[in-house]
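Let's walk through this one together, a stop at a time. Have the viewer open and rotate as you read.

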Amino acid sequence: MLNLERLRTLDAVARHGSVSGAADGLHVTTSAVSQQLSKLEREVGQQLLAKHGRGVRLTDAGMLLAEHAARILSQVQLAQADIEAQRGQVVGEVRAAAFPTAARGLFPAALTTLREGHPDLRVRTAELEPEQGVRAVLRGDADLAIVLDWSNKRAPVPGGLERAHLLDDFADVALPAGHPLAGREAVDLVDFADEEWVSWPEGEFCHDWLMFTLRSQGIEPRIGHLAGEHHTQLALVAAGLGVCVTPRLGRPVPDGVVFVPVRQQMRRHIHATWRADAGRRPSVRAVVAALRAAAGSLAG
């Protein structure tokens, strides 16, 4: 009989494309992955992996077994969800991912509520950017992810996923304290047509949103610096090296920076998303409810 954990390991290699990627997704060492695959090869009597450059690839037998493994694991997940739903208890483990400001702004309150109300539930969290979080949920590496889009640039919901709105998060322009516009009650984006901007890294959804938003106002962006963390962005602003857009959720407030609202009201829509089959699990529903309560306390 095929070992379920070894099938899970093979499935992870197929989804991540490498032994190291599978190890990261399973939270084990690369040595443990290799050992599990070696044992699986002995069980089936065929080679499942072959060297490919510096990495490995699945053999024909490996791809065939990986396809079966994906279906088997999907059925196991459905069975677990149905059993948990039938029992109606909030127990077990939920793996939740969130982009950094949501992790900072929502997780502490939500996890405290869950620990007090559901002591038999363990929630394991990780910081992932929205696109990574969606991929993790689709791959089965996370049960739930907090993601975002913007009011003027929406993100599609991949098939097989459901989501719940948590809150709308408004954003302001961050200026050096000595900037001529720092004392304004509100500004227009066109006021910064000649400024250098500090932006998120290229290729990220928020970077693309900023380019789209500025260009829609007739501004060709001058990007001086790229930084993924708001702390880094604001440190660059405080040093007088540019301006940036900073959402309010989980926002640090460093010295030397002033936040000014924008008349065009920039806001992010923040959602929790999960696989449709996982929505049957009382534990997943409890985590979503706790996140909604944490978001509601901020809105209030």
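Gln265 is partly exposed, with a relative accessible area of 46%. In this predicted model, Gln265 belongs to the loop that runs between strand E10 (257-260) and strand E11 (266-275). Have a look at its backbone too: phi is positive, about 45 degrees, even though Gln265 is not a glycine.

Now zoom out for the overall picture. The protein chain has nine helices and 11 strands. Its C-alpha trace spans about 75 × 50 × 30 Å along the principal axes. Of the 300 residues, 45% count as buried. If you like contact maps, here's a number for you: taking the contacts in the chain with a separation of 6 or more, 74% come from residues 24 or more positions apart.

Next, swing round to a pair of helices, H1 (residues 4-16) and H3 (residues 30-44). Their axes come within 9 Å of each other and cross at roughly 115 degrees. Angles from 65 to 115 degrees count as roughly perpendicular, so that is the label H1 gets relative to H3. As for handedness, H1 passes H3 in a left-handed crossing. Which residues make the contact? On the H1 side they are Glu5, Arg6, Leu7, Thr9, Leu10 and Val13, and on the H3 side Val33, Gln36, Leu37, Lys39, Leu40 and Glu43. Sort the contact of H1 with H3 by class and you get six nonpolar, two polar and four charged residues.

Let's move on to helix H6 (residues 130-139), which is where you'll find Val134. Is Val134 buried or exposed? Its relative accessibility is 19%, and the cut-off for buried is under 20%, so Val134 counts as buried. Setting aside neighbours within four places in sequence, Val134 is in contact with Val147, Pro158 and Leu161. You can also use Val134 as a ruler for the model: Met266 is 132 residues away from Val134 along the chain, and the C-alpha atoms of the two are separated by 23 Å.

Helix H7 (residues 205-216) holds the next stop, Thr213. With a relative accessible area of 5%, Thr213 is buried. What does Thr213 touch, once residues up to four places away in sequence are not counted? The answer is Asn152 and Leu189.

That leaves the cysteines. A disulfide is a covalent bond between the sulfur atoms of two cysteines. How many disulfides does the model have? The count comes to zero. Take Cys206: it is in no disulfide, and the nearest cysteine sulfur, that of Cys244, is 12 Å away. Why is Cys244 not bonded either? Its closest cysteine sulfur is in Cys206, at 12 Å, and that is too far for a bond, because a disulfide needs the pair of sulfur atoms to be within 2.5 Å. Both residues are tucked away by the accessibility criterion: Cys206 counts as buried at 9% relative accessibility, and Cys244 counts as buried at 0%.

Terms used: Residues numbered from 1 in each chain as written. Predicted model: local features only at pLDDT ≥ 70, side-chain atom pairs only at ≥ 80, totals over all residues. Heavy atoms only, no water. Axes fitted to C-alpha atoms, helices over the stretch in contact; angles between N-to-C directions. Helix = DSSP H or I, 4+ residues; strand = E, 2+ residues; numbered from the N terminus. Parallel < 35°, antiparallel > 145°, perpendicular 65-115°, else oblique. Left-handed = near helix turned anticlockwise from the far one by under 90°. Contact = heavy atoms within 4.5 Å. Nonpolar A, V, L, I, M, F, W, Y, C, P; charged D, E, K, R; others polar. Buried < 20%, exposed > 50% of the residue type's maximum accessible area, 1.4 Å probe, protein only.
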